[in-house]
Amino acid sequence: MVKVANDPTLTEGDLPAVSRFGDPEPEVSGISLRLIAGLAATAHGTVRAGAAHLDVSVDGTSPLRAALRDAAAGARLDHRIVLADAAALAAGLDDEVRLDTVVTQLCAAGVAGLVVSGLDGEATTELVASAETAGLPVLEIPLEHIATFTTEVLSAILEHQTATLRRLEDADRALVQIVLAGGSLDDLCEQVVGFLDGAAMVTTTDGRVIARAGSPRELAAAEALDCFDRTGRLLTEAEPTGPRPDGPNANRAAVRIVAGHLDHGLLVAFCSQRRLTLDDVRLLERAATVAALAITKDSAVSAVESKYRAEFLRDALAGRAGTPVDAVAHARSLGWDIDRPLVVVVAETDEDDDRSTRDAEEVRFLQQRFARAWTHAVTVRDAASPVMGFSREVVALIAVPASADTDHVMRIVGDYVRVVRGDGGGGRRSFSTGVSRPISSVAGLPQAYDEALSAVTVGRQMHGDGAVTHVDGLGIYRLLALIPDGADLRRFVHESLRELATDDSPEYAGLRQTLSILIDTNMNVAETARLLFFHYNTLRYRIGKLEKILGPFTTDADLRLTLALALKIHQMRGI
């Protein structure tokens with residue numbers, strides 16, 4: 001199968017890590033040198049190599065003369081064995097070139113081993129000594145058996161590569177059949193596990209696991225690895241893709257799921273019993289191609305479904321969905337249950353996309369990813385809860401107990417927020433969340449939506465990015481947020497607080513704090529002094545200083561109200 005949907009794309013900061021330059025070369029598809037050593041033994045040969053040097057893969061052979069020519073040209077001969085007899089060695093040497101020089105050149109080119117035959121005892125001794133010093137395995141084969149040995153080695157390599165291609169073709173047929181039969185990503189993961197054993201997972205670009213398969217033991221072993229954070233997110237920003245060298249991480253492999261210029265995430269395989277070879281990674285890449293096709297197909301179908309769902313939810317939030325009975329029935333036909341106590345939750349990314357340096361396509365993709373994260377988090381817990389992404393926010397109708405108070409509601413919503421937010425890695429954008437009061441009827445959706453919008457906007461102004469705010473926690477800020485022109489609010493602050501509205505002097509922030517606590521304690525000087533850890537006379541001096549700047553606020557209730565409002569506005573962000 002041609003790799004159409006899984007062509008590589010440019011790496012971005014929030015996408016998975018790529019294999020770094022200088023990493024050790026991964027194992028290639030071939031037979032092990034240990035197997036070739038066994039063939040040498042059956043050919044009455046002698047193997048002169050340590051056990052550690054036999055765990056290398058061999059995918060071809062080269063005659064000595066060609067190998068020396070390629071090595072001199074700077075070519076790499078990794079995973080190849082060099083065949084040399086006495087005549088070839090004699091032809092490759094001159095008066096100035098010794099056997100140890102030949103061995104050094106071959107080692108520098110990365111040769112996996114040297115097969116020699118027909119050497120006399122002195123030449124063999126010199127060659128073996130040089131090879132042992134350089135760490136190059138030597139297989140000495142009797143001259144009368146070298147032809148048979150070479151044929152057996154090439155046949156073994158050919159059989160292995162044929163079996164590998166047959167395995168890939170079988171995987172292609174099985175994986176494509178999943179897509180044609182309308183199978184899910186979980187079905188695809190099951191098929192991958194059938195070929196590779198262990199466990200398999202599909203994640204989003206920021207590491208949320210959206211499909212998995214494998215035995216409970218293998219899944220538990222995979223999830224216990226350090227490539228997952230405490231929330232269960234795969235650390236895609238630190239996880240390399242493609243084949244891996246031998247080491248503690250060689251029992252897992254990840255490949256990208258790419259369709260066109262869109263990166264849909266990762267397909268990751270885990271195997272606790274063995275390392276994953278290049279052949280396994282190639283099969284995984286075929287599976288990632290099929291996963292890209294499946295995701296693209298599902299995205300096209302869900303785009304049509306989402307259009308109808310989004311239109312209905314937008315109408316319901318605007319009060320245009322018909323009678324409550326009709327709205328409930330329509331929602332039920334879409335798989336939603338809105339005939340129960342609900343709160344409206346609005347989540348907005350904190351980045352101002354209108355002023356972003358990102359292009360429109362990237363902004364749209366990031367918003368879609370944000371909506372998918374909320375959809376996944378909500379539907380896993382309650383598939384009947386409506387959740388949709390709009391151009392600027394995600395809206396979810398979260399079910400709550402009929403008797404839930406504000407604290408209980410915020411704990412429920414907070415659990416969803418924590419799942420979506422994770423640890424903030426993988427390119428996740430910061431977002432703020434607003435929560436409405438509970439409603440018991442569809443008729444209350446428009447008001448609840450307005451409450452949630454106010455909560456997310458004003459909550460960000462009150463608490464900064466990442467705020468999670470209930471509408472009942474807004475207080476006077478909710479009224480202040482209704483004033484559309486921020487310039488009017490700023491003018492009111494400067495006219496009321498005068499120079500205290502600025503930070504031109506280091507003492508102004510302290511004077512504002514003193515004024516705020518005085519107003520909060522209803523001008524109780526003793527209580528204010530205790531809260532600020534001031535001496536009573538020190539506070540009296542500060543009050544006098546404040547009255548010189550602001551006027552007689554200690555005796556003028558209207559002035560105190562004006563100053564209290566000005567302080568509240570001063571604390572709001574983005575004004």
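Which residue of β16 does G434 stand opposite? Hold that for a moment. First, the overall picture.

This is a predicted model. The protein has 575 residues, and 46% of them are buried. Its secondary structure comes to 19 helices and 16 strands. Now the contacts between residues at least 6 apart in sequence. Of these, 68% join residues at least 24 apart.

Back to the opening question. G434 stands opposite T469 in β16. G434 belongs to β15, and so I'll take that strand first. β15 covers residues 431–435. It is mostly covered, with 5 of its 5 residues buried. In a regular strand, side chains alternate between the two faces of the sheet. Look at β15 with that in mind. F431, T433 and V435 point one way. S432 and G434 point the other way. Both sets are buried.

What does β15 pair with? One partner is β12, residues 342–349. That pairing is antiparallel and runs over 5 bridges. Within it, T349 has F431 of β15 as its bridge partner. Another partner is β16, residues 468–470. Here the strands run parallel, joined by 3 bridges. So β15 has an antiparallel pairing with β12 and a parallel one with β16.

Next, an open sheet. It has 4 strands, in the order β9-β8-β11-β10, and the pairing is antiparallel. Which strands sit at the edges? They are β9, 209–214, and β10, 252–259; each pairs on one side only. Ignoring direction, neighbouring strands are turned by 15° against each other on average.

Take β10 and its neighbour β11, residues 262–270. They pair in the antiparallel sense over 8 bridges. One of the residues to find there is V258, whose bridge partner in β11 is D263.

A helix lies across this sheet. α7 lies across β8, β9 and β11. Relative to β9, α7 runs at about 40°.

α7 also packs against another helix. Two packed helices are described by the angle between their axes and the distance between the axes. For α6, residues 146–180, and α7, residues 185–196, the angle is about 160° and the axes are 10 Å apart. The cut-off for roughly antiparallel is over 145 degrees. Therefore α6 and α7 are roughly antiparallel to each other. Their crossing is right-handed.

Who makes that contact? From α6, it is R167, D170, A171, A174, L175 and I178. From α7, it is D187, L188, Q191, V192, F195 and L196. By class, that gives 8 nonpolar, 1 polar and 3 charged residues.

Last, a second helix pair: α15, residues 486–497, and α19, residues 557–571. They pack at an angle of about 130°, with axes 9 Å apart. That makes α15 oblique to α19. The crossing is left-handed.

On the α15 side, the contact uses L489, F492, V493, S496 and L497. On the α19 side, it uses T562, L563, L565, A566, L567, I569 and H570. The classes are 9 nonpolar, 3 polar and no charged residues. Set that beside α6 with α7, where 3 charged residues take part.

To recap. β15 is buried in 5 of its 5 residues. The open sheet runs β9-β8-β11-β10, with α7 lying across β8, β9 and β11. α6 and α7 cross right-handed, and α15 passes α19 left-handed.

How values were computed: Residues are numbered from 1 along each chain as its sequence is written. This is a predicted model: local features need pLDDT of at least 70, side-chain atom pairs count only at pLDDT 80 or more; totals for chains, interfaces and linings use all residues. Side-chain values use heavy atoms; hydrogens and water are left out. Axes are lines fitted to C-alpha atoms, for helices over the stretch in contact, and angles run from 0 to 180 degrees between N-to-C directions. Helices (H or I, at least four residues) and strands (E, at least two) are DSSP runs, numbered from the N terminus. Angles under 35 degrees count as roughly parallel, over 145 as roughly antiparallel, 65 to 115 as roughly perpendicular and the rest as oblique. A crossing is left-handed if the near helix is turned anticlockwise from the far one by less than a right angle, and right-handed if clockwise. Contact means heavy atoms within 4.5 Å. Ala, Val, Leu, Ile, Met, Phe, Trp, Tyr, Cys and Pro count as nonpolar, Asp, Glu, Lys and Arg as charged, and the others, Gly among them, as polar. Buried means under 20% relative accessible area, exposed over 50%, partly exposed in between (1.4 Å probe, protein chains only). Two strands pair if DSSP finds at least two bridges between them.
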